[in-house]
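Trainee: I have a new model on my screen and would like to learn how its parts fit together. Could we go through it with a few questions?

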Amino acid sequence: MRARRPSLIGALVVLLTTFIACSTKRSPSITDPKGSEAHTIAGVWWLMCGLAAAVYIVVGGFILVAAFRGRGTPEGRPSRIRDNTFIWVGGIIVPALILLVLGAATVHASNTLRKPEKNALRIEVVGKRWWWAVSYPDLKFDTADEVHIPVGRPIEIGLDSDNVIHSFWVPQLGGKVDLIPGQHNVWRMKATKEGTYRGECAEYCGLEHAKMNFLVVAQSPASFDTWALRHQRPPSEPVSQLAANGQVVFMRAPCAGCHTIRGTTAQGTIGPDLTDIGSRLTLGANTVPNTEGYLGGWIVNSQTIKPGNLMPPIPLSSNDLQALIAYLRSLK
Ligand code: CUA
């Protein structure tokens with residue numbers, strides 16, 4: 001009897017460690033849902049987890065009983081349960097019932113997901129190598145690697161790719177949806193709580209797959225409107241002399257050939273739109289925080305931060321670099 005306790009305690013420790021590891025902030029978990037679709041998926045997950053745990057406990061119990069008692073009854077007589085009964089009940093009827101319950105729950109959950117809703121906010125996301133082009137077709141502006149959405153309103157994200165297959169996944173908001181060249185997929189959901197949620201590419205897509213992440217910022221409808229309104233206007237002209245010099249450097253250096261800054265002559269489309277780069281939280285598709293130091297490092301040689309990305313090193317004098325940093329950080 002004594003040996004049973006360590007085995008149960010061991011199993012509990014493993015389970016608890018897994019849950020703690022999965023629920024830390026750095027690792028977004030599907031068991032911490034913050035969106036309509038994620039809530040539905042989490043429900044199915046907990047049902048599966050519960051049934052699996054029940055099977056584990058029952059089977060583990062049988063193994064322990066068999067190990068300690070043998071095939072006989074306590075009085076030494078042969079067991080009255082015939083082997084066939086075990087096979088019929090434990091091997092066919094119970095598994096069939098469990099699969100039936102799981103199948104019904106999955107079909108029901110799948111049917112409730114991704115239904116078109118009125119008044120949905122349309123967003124288009126295109127998977128690039130290795131970043132995300134984000135546009136708001138009705139509001140008429142573009143950004144990158146950061147999707148802002150209002151809490152409570154239905155969101156409809158169109159997903160496309162112009163290169164290889166990527167997969168758009170925000171564990172706390174919903175399931176994975178692939179971005180497939182030539183096929184337009186749509187992900188529909190509603191955020192239920194304000195917050196900044198980490199998303200990532202969930203389909204191996206080349207050298208920088210692991211660093212193809214993004215953020216979804218779910219905010220109150222009022223603060224989303226403020227954010228959207230600010231983004232609908234092109235950025236104002238540089239106010240400081242340093243930033244004005246930086247704008248000249250940007251248009252002269254190779255930058256303008258690859259990036260767009262609305263309201264200027266920079267209309268490149270190879271790299272991310274930089275119209276709001278000063279207000280974004282991260283650089284390089286959520287690779288590093290958007291600080292002055294990282295921005296400078298990124299411009300000089302982004303390959304040291306995200307090896308394999310498509311931006312070449314940009315050799316600049318110290319003065320030009322400082323000016324360029326000031327200009328980019330003023331774009332909000
Ligand atoms: Cu894009 Cu992996």
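Mentor: Happy to! Let's begin with a sheet: five strands make an open sheet of mixed pairing, ordered β4-β10-β9-β6-β7. Strands here are DSSP runs of E with at least two residues, helices are runs of H or I with at least four, and both are numbered from the N terminus. This is a predicted model, where local features need pLDDT of at least 70 and side-chain atom pairs 80 or more, while totals for chains, interfaces and linings use all residues. Residues are numbered from 1 along each chain as its sequence is written, and side-chain values use heavy atoms, leaving out hydrogens and water.

Trainee: Which are the edge strands of that sheet?

Mentor: Two strands pair if DSSP finds at least two bridges between them. An edge strand pairs on one side only, and that fits β4 (146-150) and β7 (177-179).

Trainee: In β7, what is the bridge partner of Ser 167?

Mentor: Strand β6 (residues 166-169) runs antiparallel to β7, and three bridges join them. In β7, the partner of Ser 167 is Asp 178.

Trainee: Which strands does helix α4 touch as it packs on the sheet?

Mentor: Contact means heavy atoms within 4.5 Å. Helix α4 (residues 221-232) has a direction at about 135° to that of β4, and the strands touched are β4 and β10 (213-219).

Trainee: Are α5 and α8 roughly parallel or roughly perpendicular to each other?

Mentor: Axes are lines fitted to C-alpha atoms, for helices over the stretch in contact, and angles run from 0 to 180 degrees between N-to-C directions. Under 35 degrees counts as roughly parallel, over 145 as roughly antiparallel, 65 to 115 as roughly perpendicular and the rest as oblique. The axes of α5 (residues 241-252) and α8 come within 7 Å and cross at roughly 100°. The two helices are therefore roughly perpendicular.

Trainee: At what angle do α7 and α8 pack?

Mentor: Helix α7 covers residues 292-301 and helix α8 residues 318-330, and their axes lie 10 Å apart. The angle between them is about 120°.

Trainee: What is the radius of gyration of the protein chain?

Mentor: This value is taken over C-alpha atoms, and the globule rule is 2.2 Å times the number of residues to the power 0.38. For 332 residues the rule gives 20 Å, and the chain is well over that, so it is more spread out than a compact globule. The radius of gyration is 27 Å.
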